[in-house]
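Here's a quick briefing on a few spots worth a look. Have the model open while you read.

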Amino acid sequence: MNIRSQISMVFHLDKCIGCHTCSIACKNVWTDRKGAEYMWWNNVETKPGTGYPTKWEDQEIYKGGWDKNGDTVSLRGAGKLRGLKNIFHNPNMPVLEDYYEPWTYKYSDLFTAPEGNDQPTARPVSLVTGEHIDVKAGPNWDDDLGGSPDYARKDVNFKALTPSEQESLFQLEQMTMFYLPRICNHCLNPACVASCPSGAIYKRGEDGIVLINQERCRAWRMCVTACPYKKSYYNWNTGKSEKCILCYPRLESGQAPACMHSCVGRIRYLGVMLYDADRIEQVASAPERDLVDAQLGIYVDPFDENVIKAAKANGIADSTIRAAQLSPVWKFVKQWGIALPLHPEFRTIPNLFYVPPMLPAMASVDADGVYDSHTESLWAGIEKSRLPMQYLASLFTAGDTERMKLVLKKLLAVKISRRNTTVGDLSAKEVADALEGGRTNAKEADAIFRLTSLATFEERFVIPPAHREESIEMLEDTGDVKGNTGFGFKLKPARGL
Amino acid sequence: MKSWKMMCWAVAAALIIGTGVSAQDGAEIFKKNCTACHKIGARLVGPDLTGVTEKRSDEWLRKFIRSSSSLIKAGDPDAVAIFNEFNGTPMLEFQFSDAELTAVLGYLSGFGAQAAKTDTAAAAKAAEPALVFTDADVEQGRAIFQHSMSAGGPACVTCHNVSDAGLIPGGLLAKDLTHVAGRIGDQGIVGILGAPPFPAMAAAYNGSAALTEKEVHAITAFLVHADKNTAATAEVGGKNTMLIWGFGGLVVILLGVALTWARRLKRSVRHDIDARQLRTI
């Protein structure tokens, strides 16, 4: 057993209102720079939709992630020979148009325009070239199903659906959507790290955050294509690639990442997960139908004596183990099993989990043309969900609809149990059936409700102390400078220390 | 002020040096610059210069020496005739000063038609006997051609190519020498090797790096041999082959690139979306 700690996250999609506050917080803190204007380390997509960059999920186009190769995995678009072949010309690279050309408006024209018959307008100006542009797309151009013939209908996850099923989805009374906020998954088996020819990308030992060393990056951009989530971006100004750093300077000082801190719907949870690093290869190369179970199996119980012993042997601090025991991610993912990884079939073992959305139940239009959304009970059952189960399964369980149903049934049980508590208009049998269908009980349902709806800041973000005082000891002997100066000097003063 | 003064000094110095050139120096200049190709009383790479000052005007000679090619280009009948007579090999261009030209022409005028007549018999006698080349000379010459000289000069093959079975392909910096013997004759080769008139060769084989007589003989033997034993088309064909192979190679490489990356992303993934939206506007 090789126990390591990993900062993991849960996004509760039922709570996401699609306000993009997270994206703006991230942009203002990190990517409001020349060359980074087009990057959205955090973005919110509308599903169904093609996302950002366009069709990022279609690995037939971008060749990201891993392929199962016997008992192991190999990179789909890079690797030793293929990487060498493509090192000067990466054939699967997204271009700026696939993201969007960032722009601003020439607001000064509003003030300097000469007097005339028409109101002056502020024309859009490209932030890359400075020229006037005709805006073709933005990072969330298909927000709320905007332009759905071009975007929603081309969602890659519809592949499992028959054309008639797809058609019925887009009927006026049956259309539905939900939001999918995305950041870097800080994967356990990151394809970006594996693909980097310069060895510039690394996974931090203490918390598993994946970072790009800006000094070693040589702009090969293999990570841009290798990351199946397209969360590594090339900065055309600095000539280096960049990605979400999970606000590690904030984490190290005990603050939640900017996107999570600012989240209006409070959908985001962050905590430590302990995992067994020896099993990464085995999990990544599991058969597709076992992928989710295999991944959930890699996270080990932080209350287990053996795990704690192995963790301590690996130098994991007591405070980190304590944080793992309190982790909301542990509860959502392992204890309750209602949070699932996004696209586990990419085989990168992502550490961002999603509680899937309970979509509105199906309505129908009867023979007289009357719109009827009335169902026998309040919650008609997840089988009548507007979005086909295959679609959600394609997103979160690598196509396993049974597993998807189970998770949704549990979420439904929580709602029914809660209604029973607050309104009390349901029969005991109805409640018991729902709980049984969701393989849960009233106590657990209540715990899920509390962490979902009433959680405090400290419960949502259990950030372990970073122990920077210990990590500095790896770099220098603190005894040498003990008692010398209060703060230390970058440059020694002329008069000496 | 200072530059004005300096210029005065420079003009004065030039005048002193310029007027200092005499007929004696003419002989020196001729030996240094002209003997590689010209001889008095015999035809070498270039024509016999006996009585040349009587045959041509002084002005014409000065123009020809400074730039024969511009005369040819201008269509001067005499210049064109000479150019054609000597296998289309233009004379090198010499940037002599007026004084130097006067000296050389003065020196040449000493070998008038009269002198030529009286000296004809002597010249015929004095004409060097035809060179004799043995197989050993050829072998030695081939070896010298691709190795550096005894005095340290660079190997011929560095800049020159000769199409010969026993020789590696040579450089393309200077002329192909496969048929040089046919163009300028063995005496011409000896002359050029003895006192190279070409700036690059003169610099490479000057002073202490000069070729020995034996080396000159061997190299000449090899070049005569190469001229006789290589098909006349080899040289010309070689150039075309280069072009054909180069172009063919480019096509093969481009095809390879096109096939290897046949499935690359050829345009933006959004292309279809943008195209459809533009159509509907």
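The contact between chains A and B draws on 14 residues from chain A and 11 residues from chain B, with a contact meaning C-beta atoms, placed from the backbone, within 7 Å. On the chain A side that touches chain B, the split is six nonpolar, three polar and five charged. Keep in mind that this is a predicted model, where local features need pLDDT of at least 70, side-chain atom pairs count only at pLDDT 80 or more, and totals for chains, interfaces and linings use all residues. Residues are numbered from 1 along each chain as its sequence is written, while chains are lettered from A and ligands numbered from 1 in the order in which they are written.

**Helix packing**

- Helix α17 (residues 401–422) of chain A packs on helix α19 (residues 442–454) of chain A at about 95°, and their axes are 9 Å apart.
- That makes α17(A) and α19(A) roughly perpendicular (65 to 115 degrees counts as such).
- From α17(A), A:A413, A:V414, A:S417 and A:R418 meet A:A442, A:A445, A:I448 and A:F449 of α19(A).
- Six nonpolar residues, one polar and one charged make up this contact of α17(A) with α19(A).

**The hairpin**

- Strand β3 (residues 66–69) of chain A pairs with β4(A) in the antiparallel sense over four bridges (pairing takes at least two DSSP bridges).
- A:N69 sits opposite A:T72 in β4(A).
- Two residues lie between the strands β3(A) and β4(A), and A:G70 in this hairpin has a positive phi near 70°.
- Side chains alternate along β4(A) (residues 72–75): A:V73 and A:L75 point to one face and are buried, whereas A:T72 and A:S74 point to the other and are not (buried means 20 or more other C-beta atoms within 10 Å of the residue's own, with C-beta atoms placed from the backbone).

Notes. Axes fitted to C-alpha atoms, helices over the stretch in contact; angles between N-to-C directions. Parallel < 35°, antiparallel > 145°, perpendicular 65-115°, else oblique. Contact = placed C-beta atoms within 7 Å. Nonpolar A, V, L, I, M, F, W, Y, C, P; charged D, E, K, R; others polar. Buried ≥ 20, exposed ≤ 12 C-beta atoms within 10 Å, placed from the backbone.
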